[in-house]
Amino acid sequence: MLLIPVLLVTFPLSLVIGHFLSEPLRMLAKKTAAYRSGMDVSIEADGRMLEADHLANDFRALVQTAKTQQHDLALKERRQAAFISDVAHELRTPLTAIRGNAEMLEDPDLPAELHDKFCSIIINESERLSRLTHDLLTLQRIEDDSMPFELSRVNLRELASGVVDALEPILRDRQAHTEIMGEAPDVLGNPDRLKQAVTNLVENASRFIELGGHITIELFGLRGNSIIAVRDDGTGFGDVDPKLLFDRFYRTDASRSRGTGGTGLGLAIVKSVVEAHDGTVEAINLPDGGACFIIALPSIPADIRTDQSGR
């Protein structure tokens, strides 16, 4: 008989306590179900129950991660769609030129001089297609994170000299005066890819200088970085946003770039190579005319350089 009053008190009390203990979990379950149905809900800890607050924080972090992944995926899909559209456009131009000139060659009454002209156009456009395909494959290999590359100590002075030697025929054809100035601390990187980046910058400069123009490769160290600055005395790139120069297929003057053999991917490759080495690249117009492209790469720390040089 004594237990009955106790039960009459404890049972309702337990129901009330159970209700208040389970309420945060029920609210969290409702919000989770709403999120799963596609609604934009805010999952926040309300402070009523420690365990429920921990669970809410975990759910909130999970939701934020999912939103970030969805945003990145959507951005990647848009970039891929734009890239495919750009590639299709770039391929269409030389293919149209090849087809049109090949059809002209079918004319049996075509004069010999026009025959040679059309054949030359077909050869040039075929070569441009080959360069475009090569640059596309190069860009894909660089940006494919599943393909790691080997790193080693790179002397930037030797690398720059190798670039100038390799481009000697092109530079001689442009009558370019090329100079390498200064020294920069060694960097940890892939020599082949870094050489390709510098090659693209020097070759790009050679396209936009006048005959007998100047190209300077300057090397120096600055705030823990090794700097490679490639400058020329050409026309520069005008009022264009410098960041756009590194976009795929971007050209300040499309007709001029095609006429000089550019594919519109050279600077995009430079950016991909540099960023793969945790570096940065930027472009500026020089006050006296011309352009300067600046690569900054993390230098090998001084204590490591000192230690290895003493061995």
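The exercises below, each with a worked solution, concern a predicted model.

**Exercise 1.** Determine the strand order of the open sheet, and state which strands stand at its edges.

*Solution.* Step 1: the sheet has five strands, arranged 2-4-5-7-6. Step 2: the pairing between them is mixed. Step 3: strand 2 (177–182) and strand 6 (280–285) each have a single partner strand, so each has one side without a neighbour in the sheet and stands at an edge. Step 4: from one strand to the next, the twist averages 15°.

**Exercise 2.** Describe how strand 4 is joined to strand 5, and find the bridge partner of Ile217 in strand 5.

*Solution.* Step 1: strand 4 covers residues 214–222 and strand 5 covers residues 225–232. Step 2: the two run antiparallel and are joined by eight bridges. Step 3: Ile217 has Val230 as its bridge partner in strand 5.

**Exercise 3.** State which strands helix 4 and helix 8 lie across, and at what angles they run.

*Solution.* Step 1: helix 4 (residues 156–166) lies across strand 2, strand 4 and strand 5. Step 2: the angle between helix 4 and strand 2 is about 175°. Step 3: helix 8 (residues 266–276) lies across strand 6 and strand 7 (291–298), and runs at about 20° to strand 7.

**Exercise 4.** Classify Cys119 and Cys292 by relative accessibility, and give the number of disulfides in the whole structure.

*Solution.* Step 1: buried means under 20% and exposed means over 50%, with partly exposed in between. Step 2: Cys119 is at 27% and is therefore partly exposed. Step 3: Cys292 is at 6%, so Cys292 is buried. Step 4: a search of the whole structure returns zero disulfides.

Definitions and conventions
Residues are numbered from 1 along each chain as its sequence is written. This is a predicted model: local features need pLDDT of at least 70, side-chain atom pairs count only at pLDDT 80 or more; totals for chains, interfaces and linings use all residues. Side-chain values use heavy atoms; hydrogens and water are left out. Two strands pair if DSSP finds at least two bridges between them. Helices (H or I, at least four residues) and strands (E, at least two) are DSSP runs, numbered from the N terminus. Axes are lines fitted to C-alpha atoms, for helices over the stretch in contact, and angles run from 0 to 180 degrees between N-to-C directions. Contact means heavy atoms within 4.5 Å. A disulfide is a pair of cysteine sulfur atoms within 2.5 Å. Buried means under 20% relative accessible area, exposed over 50%, partly exposed in between (1.4 Å probe, protein chains only).
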